[in-house]
Amino acid sequence: MAHLLRTAGLSLLGVAAYLCLWPVPAEPEAWQAPTPPGFSGAFAANTRLSGLNMIDLGDEVGPEHIAAGPDGKLYAAMTSGNLLRIDVKNGRREVFASTGGRVLGFDFDAAGRMIAADAMKGLLAISPDARMTVLADHVSEQDPIRYADAVVVAPDGAIYFTDASTRFAPRDWGGTYEASVLDIIEQSATGRVLAHDPATRKTRVVAHGFSFANGIALSADGHTLFVNETGRYRLWKVDGRANGVDVRSGAPEAVVLLDNLPGYPDNLMRGRDGRIWVGLFKPRNPAADSLAEWPFARKVLLRLPRFLLPLGESYGHVFAIDEAGHVTEDLQDPSGAYPETTSATETADRLYIHSLHAHAIGWLPRSPSKARDPLEEIYVLRSIREPHEPSAEGCSPAEIGFAPFPSDAERFFSFWSVRSEAGKVADAKESRVAQLRGCFGPTSEPARQNFYAEVDLGSISFRGNGECQALRVDFPESGLYPVRCQLVLTGTSAPYVGGLLTTNTLTSKAAFGPDTDPPGYTQASIATIRLWRAR
């Protein structure tokens with residue numbers, strides 16, 4: 001018996017020595033955690049995230065970040081390092097690219113490239129044909145980017161991204177999860193926001209001092225950043241024009257927008273109608289907060305198996321805010337059936353939910369709202385003048401309201417839908433959608449013409465009166481000249497009460513067809529038609 005007691009005592013002593021003395025990579029620092037608010041107020045418990053529809057991912061796991069691409073397809077970054085491309089109309093999926101690392105966030109630039117934050121490899125650019133380029137893996141020669149996490153591309157081309165931790169690189173510490181655990185338990189607050197200039201290829205520090213700098217989003221003004229600080233349950237508002245500001249200094253360039261959240265905030269995503277979506281991948285655990293001021297106890301925690309860490313139960317939770325930080329929507333699933341919700345991607349008809357470890361992409365239908373049922377319809381089309389026999393009625397002054405040209409007054413145009421990629425027209429003659437009969441006549445100014453038109457757009461018919469203005473001669477080269485036309489549209493049937501048609505035309509010596517004379521430019525017009533509904 002005495003031998004057994006001695007053995008047990010030595011075993012307990014060994015366990016105690018291990019828990020107290022075994023070396024760990026982190027050096028925890030004391031901090032003051034706010035009292036958890038629980039699920040109350042704007043975050044009152046609900047089940048609005050329950051019963052998600054699912055998009056199967058096959059053998060892939062962990063759609064950590066999801067976004068719609070310029071081609072209208074859905075892209076998702078997976079644990080395997082693969083970036084999936086999914087056609088949501090038929091569910092067909094394919095591997096768009098594989099970085100060999102772990103992409104945690106991405107956005108698309110004006111050229112249609114995917115700009116990806118890869119936790120293992122840094123800031124990457126992936127072309128539409130899946131060619132990969134490293135944009136930045138260092139701020140300077142002695143300052144590596146260790147944990148690229150989230151990214152957003154500004155309208156001026158600047159790329160803002162987070163370096164979640166400058167202490168723990170996922171490639172050195174067993175992956176993104178293990179590195180994040182070490183950083184959040186240590187609380188040394190080494191996370192930062194970086195800005196990369198594609199023109200100069202230089203990267204600078206915008207702000208630092210975050211306890212695990214995670215998701216990032218851009219405000220409507222194009223330079224204010226929203227940044228999640230996962231380790232301290234809060235969301236910051238940061239001026240993207242700042243240089244090296246320490247967010248702990250009280251500098252006006254960085255202010256806390258939302259504090260003491262009920263969970264760990266992860267990704268941020270711009271939604272519709274001004275919304276910004278936030279995901280909480282785990283709820284707060286009071287046991288973890290109680291150790292905030294006890295660095296030694298947190299060091300002991302690091303010697304335990306990871307499943308024993310007090311990181312909170314599985315609980316689905318995403319919410320939306322406006323730019324002032326007001327919560328406008330809150331969706332929860334207390335069952336946690338869809339695990340570790342990291343954010344949401346909002347389209348016109350669906351809300352896709354991101355996840356750290358899900359085997360599918362969950363989504364909810366979005367109900368139409370007044371904001372999504374506008375009083376205006378806008379069409380962007382290309383018009384081409386077509387050869388045509390004169391109509392029986394011709395261009396009667398009584399009908400059109402002015403005297404027509406003696407010849408070539410009546411002209412006919414076809415209108416075609418256009419396809420764009422990243423805002424640039426990729427196909428200016430996709431399918432025929434409308435036709436126009438126009439009548440033209442002189443004014444007292446040689447550069448101006450009277451313009452009358454009758455338009456059939458699908459089942460909608462209307463007429464319009466206006467004018468065309470020649471803007472330049474022999475521009476952009478000899479034989480060409482740009483013309484702008486505008487028509488006020490009337491005679492529309494319910495529910496429309498009127499509209500506006502504007503065109504910008506490149507006129508040339510070629511009377512008809514898609515090619516100019518001299519060649520090389522697009523003949524005829526790019527037109528916008530705006531139709532207004534009755535209120």
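Which residue of strand 27 is the bridge partner of R350? The partner is P365. The model is predicted, so local features need pLDDT of at least 70 and side-chain atom pairs count only at pLDDT 80 or more, while totals for chains, interfaces and linings use all residues. Residues are numbered from 1 along each chain as its sequence is written, and side-chain values use heavy atoms, with hydrogens and water left out.

The bridge of R350 and P365 belongs to an antiparallel pair. Strand 26 (residues 350–355) and strand 27 (residues 360–365) are joined over 4 bridges. Strands are DSSP runs of E with at least two residues, helices are runs of H or I with at least four, and both are numbered from the N terminus. Two strands count as paired if DSSP finds at least two bridges between them. The pair sits in an open sheet of 4 strands, ordered 1-27-26-25, with antiparallel pairing. Strand 1 (53–56) and strand 25 (341–346) form the edges. Each has a single partner strand, so one side of each is left without a neighbour in the sheet. On average, neighbouring strands of this open sheet are turned by 30 degrees against each other, direction ignored. Axes for such angles are lines fitted to C-alpha atoms, for helices over the stretch in contact, and angles run from 0 to 180 degrees between N-to-C directions.

A closed barrel is also present. Its 8 strands run 28-29-30-31-32-33-34-35, with antiparallel pairing. Neighbouring strands of the barrel are turned by 30 degrees against each other on average, direction ignored. Strand 33 (residues 481–490) pairs with strand 34 (residues 496–507) in the antiparallel sense over 9 bridges. Within that pair, L487 has L501 of strand 34 as its bridge partner.

The structure holds 2 disulfides (cysteine sulfur atoms within 2.5 Å). One joins C395 and C439, with sulfur atoms 2.1 Å apart. This link is left-handed, at -85 degrees about the S-S bond. The pair links distant parts of the chain, 44 residues apart. C395 lies in the loop between strand 28 (376–386) and helix 5 (397–400), whereas C439 lies in strand 30 (residues 424–442). Both C395 and C439 are buried. Buried means under 20% relative accessible area, exposed over 50%, and partly exposed in between (1.4 Å probe, protein chains only).

The other disulfide joins C468 and C485, and here too the sulfur atoms are 2.1 Å apart. At 110 degrees about the S-S bond, the link of C468 and C485 is right-handed. C468 belongs to strand 32 (residues 460–470) and C485 to strand 33, so the bond ties together parts 17 residues apart in sequence. C468 and C485 are both buried. With bonded cysteines counted along the chain, the pattern is 1-2, 3-4.

Nonpolar packing was examined next. A nonpolar core is a set of buried Ala, Val, Leu, Ile, Met, Phe, Trp, Tyr and Cys residues joined through side-chain atoms within 4.5 Å. The largest core has 32 residues. Y147, L235, L261, L268 and F319 touch the most other members. Two or more residues each come from helix 2 (176–186), strand 21 (263–270), strand 22 (276–283) and strand 23 (316–321). Helix 2 gives the most, with 5 residues. Apart from this core lies another, of 26 residues, including L52, A77, A97 and A320. Leaving aside neighbours within four places in sequence, L268 is in contact (heavy atoms within 4.5 Å) with residues including F226, L235, I276 and W277.
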